[in-house]
Amino acid sequence: MKRFSGVDLLRELCLAFGPSGYEEQAARLILEQITGAYDDCRTDKMGNIIAHIGGGGEGYAPDSPKKIMISAHMDEVGFMINDITEEGFLKFLCVGGIDPRVMPSRGVVLGNEDKRVKGIIGSKAIHLQSPEERKKIVKADKLYIDIGARDKEEAQKYINLGDFGVFDSDFVLFGSGDRFVKCKAIDDRLGCAVLIEVMRRLKDTGKRLPFDLYFCFTVREETGYSGAGTAANTLCPDFSVVVEATAVDDLAGVPEAARVAKLGEGGAVSYADKGTIYDRELSEFALEVARENNIKAQVKQYVSGSNDAAHIQRSGRGVRTLALSAPARYIHSPSAVAALSDIAAMEELIFAMLSSWKF
């Protein structure tokens, strides 16, 4: 088993096959990379990976320890095959929220645990469209996936109904000093990378913190059927930190308040989104720790989106919850873009918060 770190770890995670409901390859990679960085680890019935680092030292109450759950989801948006035409083309449903405008002509990888088949999402060429058709967005049910099959019989040799797929995307570093990364599954494999690096740092220091830590790599966030909710109900944590990617619009012509957050300015701390009103004291603590340690962080400026925090916060008797998100352009596409400096800043901030936790 090869241990990856930094950009190499992010690359391996992003390129792994792991649409919602089919996270096994991503999960195997994560389990390999966290080996030796926990006290105990288990995979629950939903498929969540829950890695535990026990507390100790001054302030630790072994009979009733405080628990902090730190989570990132390992699933990505994708597709499920629901029909094969007589001509051998594949019809599909979207798994998670994908803008149909980003799909035509994109490469995909389809299959299951035993196979991988490449294809292209196709639609009628613009030359053949009527003037009215050109004005409309082509919806997913009008698109198809071409795997090069001669007919239905040949397609069925490679693909079955119910097989899943994801975008086929290169991992590309670009910009001055290779400061940006482009790939599929930035949401939320970058969060998984942050958790892995924080776990390793904690184990390397050998220091025991005065609370129990549970690092949860969760499933099915993109479909809303949150595995994180199940994990939280099992663990009953006192606090949770959700590590995510957030869609941003930091582009020319967009009003400042509507940009959500800016690439290169650190992780975005949320006060509210469409699913959660966050624990204000935790949000202020995160920003305070960032200032004290000269770590870049920013406030998420726009109430948009939702994530696993909504399920965790309302689990059991309630959980005090914080969300820290990396700004990501073109999210839920094969070309999501994030800043490497933001990912590094989030790792630093979470480590610093745990080291100075005051609750």
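**Exercise 1. Find which residues Gly-96 touches, leaving out residues up to four places away in sequence.**

Solution. Start with contacts, meaning heavy atoms within 4.5 Å. Gly-96 touches Val-77, Glu-222 and Thr-223. Next, place Gly-96 along the chain: it sits in the loop between strand S5 (90-95) and strand S6 (107-112). Helices (H or I, at least four residues) and strands (E, at least two) are DSSP runs here, numbered from the N terminus. Then compare sequence with space: Gly-96 and His-332 are 236 residues apart in sequence, while their C-alpha atoms are 8.5 Å apart. Finally, look at the surface. Gly-96 has 21% relative accessibility and so counts as partly exposed; buried means under 20% relative accessible area, exposed over 50%, and partly exposed in between (1.4 Å probe, protein chains only).

A word on the model before going on: it is predicted, so local features need pLDDT of at least 70 and side-chain atom pairs count only at pLDDT 80 or more, whereas totals for chains, interfaces and linings use all residues. Residues are numbered from 1 along each chain as its sequence is written, and side-chain values use heavy atoms, with hydrogens and water left out.

**Exercise 2. Work out whether Pro-334 is buried or exposed, and what it touches.**

Solution. First, the location: Pro-334 lies in the loop between strand S16 (320-328) and strand S17 (336-339). Its relative accessibility is 5%, so Pro-334 counts as buried. Now list the partners, again setting aside residues up to four places away in sequence: Pro-334 touches Val-102, Arg-106, Phe-167, Ser-169, Lys-182, Cys-183 and Lys-184. As a last step, take Ile-312, which is 22 residues from Pro-334 in sequence and 28 Å from it in space, C-alpha to C-alpha.

**Exercise 3. Find how many disulfides the structure has, and check Cys-192 and Cys-236.**

Solution. A disulfide is a pair of cysteine sulfur atoms within 2.5 Å. Searching the whole structure gives zero disulfides. For Cys-192, the closest cysteine sulfur is in Cys-14, at 9.2 Å, which is too far for a bond. Cys-192 is also buried, with a relative accessible area of 0%. Cys-236 is in no disulfide either, as the nearest cysteine sulfur, that of Cys-216, is 12 Å away.

**Exercise 4. Inspect the backbone at Cys-236, Ala-185 and Asp-188.**

Solution. Stay with Cys-236, in the loop between helix H6 (227-235) and strand S13 (239-247). Its phi is positive, about 50°, although Cys-236 is not a glycine. Ala-185 also has a positive phi, near 60°. Ala-185 is in the loop between strand S11 (180-183) and H5, and at 9% relative accessibility it counts as buried. Step on into helix H5 (residues 186-205), where Asp-188 has its place. The peptide bond from Asp-187 to Asp-188 is cis, with omega near 5°.

**Exercise 5. Why is the chain described as being as compact as a globular protein of its length?**

Solution. Begin with the elements: nine helices and 17 strands. The radius of gyration is 21 Å, close to the 21 Å from the globule rule for 359 residues, so the chain is as compact as a globular protein of that length. That radius is taken over C-alpha atoms, and the rule is 2.2 Å times the number of residues to the power 0.38. To finish, note that buried residues make up 54% of the 359 residues. Residues 24 or more positions apart account for 77% of the contacts with a separation of 6 or more.
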